[in-house]
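Work through the exercises below with the sequence and the model side by side. Each task is followed by a solution that goes step by step.

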Amino acid sequence: MSSKKENWKPINKATTTTKVQYMISSHGRFGVKTDEGKVEARNLKPINGTFRYNARINGKSKALFLTREVAMAFLNKPSKKHVRVIHKDHDFLNNNRKSVV
């Protein structure tokens with residue numbers, strides 16, 4: 001990993017609808033906020049060439065794609081027409097905010 005500080009932000013979809021607060025980092029890692037306020041990073045295995053986490057939100061199973069969550073948390077959307085997330089380096093497993101557009 002890089003020597004830059006890793007920033008964590010809550011995933012918006014899951015903040016008010018579940019007991020668990022899911023977090024995403026600027027390095028593209030997924031975590032869960034503990035009762036003590038610390039973030040516990042989770043190791044995920046790639047599924048179909050990308051990282052995703054299946055969460056229960058409002059009683060339904062929802063796939064959270066880490067690439068999209070990094071883009072929503074750390075990047076500004078230029079307009080409503082921008083709906084896709086692209087990897088600059090074409091590596092779908094690299095979800096660092098610097099490699100996602």
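**Exercise 1: Backbone angles and exposure**

Asn48 counts as exposed, because its relative accessibility is 75% and the cut-off for exposed is over 50%. This holds for a predicted model, as does everything that follows.

Task: Find where Asn48 is placed and what its phi is, and then treat His90 in the same way.

Solution. Step one is to locate Asn48, which is found in the loop between β4 and β5. Step two is to read its backbone angle: phi of Asn48 is near 55 degrees, a positive value in a residue other than glycine. Step three turns to His90, which has its place in the segment after α1 and a phi near 60 degrees, again positive although the residue is not a glycine. Step four is the exposure of His90, which counts as exposed because its relative accessibility is 65%.

**Exercise 2: Two hairpins**

Task: Determine in which sense β2 and β3 run and how many bridges join them, and then carry the analysis on to β3 and β4.

Solution. Step one is the pairing of β2 (21–25) and β3 (30–33), which run antiparallel and are joined by 4 bridges. A residue pair helps to fix the register by eye, since Gln21 stands opposite Lys33 in β3. Step two is the connection: β2 and β3 form a hairpin with 4 residues between them, and in the turn Gly28 has a positive phi of about 85 degrees.

Step three moves on to β3 and strand β4 (residues 39–42), which pair in the antiparallel sense over 4 bridges. Here the register can be checked at Gly31, whose bridge partner in β4 is Ala41. Step four is the turn of this hairpin, which has 5 residues between the strands and in which Gly37 takes a positive phi near 95 degrees.

**Exercise 3: The nonpolar core**

Task: List the residues that make up the largest nonpolar core, and work out which element gives the most to this core.

Solution. Step one is the membership: the core holds 12 residues in all, namely Ile11, Tyr22, Ile24, Phe30, Val32, Phe51, Ala55, Ile57, Leu64, Leu66, Val70 and Phe74. Step two assigns them to elements, and at least two residues of this core come from each of β2, β3, β5 (52–57) and α1. Step three compares the contributions, and α1 gives the most, with 3 residues. Step four looks at the aromatic rings, where a search of the whole structure finds 3 aromatic pairs, and where Tyr22, Phe30 and Tyr53 form one aromatic cluster. Of that cluster, Tyr22 and Phe30 are also listed in the core.

**Exercise 4: A cavity and two pockets**

Task: State how many cavities of 30 Å³ or more are counted, and say which residues line the largest cavity.

Solution. Step one is the count, which comes to 1 cavity of 30 Å³ or more, and the space in the largest cavity is about 30 Å³. Step two is its lining, made up of Pro10, Ile11, Asn12, Glu69, Met72 and Ala73. By class these residues divide into 4 nonpolar, 1 polar and 1 charged, and helix α1 (residues 66–74) gives the most to the lining, with 3 residues.

Task: Describe the volume and the lining of the largest pocket, and then those of the second largest pocket.

Solution. Step one is the largest pocket, which has about 390 Å³ of space. Of the 13 residues that line it, the closest to its centre are Ala71, Lys77, His82, Arg84 and Val85, and the whole lining divides into 8 nonpolar, 2 polar and 3 charged residues. Step two is the second largest pocket, with about 190 Å³ of space, whose lining consists of Gly49, Thr50, Phe65, Thr67, Arg68, Arg84, Val85, His87 and Phe92. By class, this lining has 3 nonpolar, 4 polar and 2 charged residues.

Step three follows Thr67, one of the residues lining the second largest pocket, whose place is in helix α1. Thr67 counts as buried because its relative accessibility is 9%, and the cut-off for buried is under 20%. Thr67 and Asn96 are 29 residues apart in sequence, while their C-alpha atoms are 8.4 Å apart in space.

How values were computed:
Residues are numbered from 1 along each chain as its sequence is written. This is a predicted model: local features need pLDDT of at least 70, side-chain atom pairs count only at pLDDT 80 or more; totals for chains, interfaces and linings use all residues. Side-chain values use heavy atoms; hydrogens and water are left out. On a 1 Å grid over the protein atoms alone, a cavity is a set of points where a 1.4 Å probe fits but cannot get out, and a pocket is an open set with protein on both sides within 12 Å along at least five of seven lines; lining residues have an atom within 4 Å of a point. Grid points are joined across faces, edges and corners, and a volume is the space filled by probe spheres set on the points. Ala, Val, Leu, Ile, Met, Phe, Trp, Tyr, Cys and Pro count as nonpolar, Asp, Glu, Lys and Arg as charged, and the others, Gly among them, as polar. Rings of Phe, Tyr and Trp (its six-membered ring) pair if their centres lie within 6.5 Å; planes under 30 degrees apart count as stacked, over 60 as edge-to-face and the rest as tilted. A nonpolar core is a set of buried Ala, Val, Leu, Ile, Met, Phe, Trp, Tyr and Cys residues joined through side-chain atoms within 4.5 Å. Buried means under 20% relative accessible area, exposed over 50%, partly exposed in between (1.4 Å probe, protein chains only). Two strands pair if DSSP finds at least two bridges between them.
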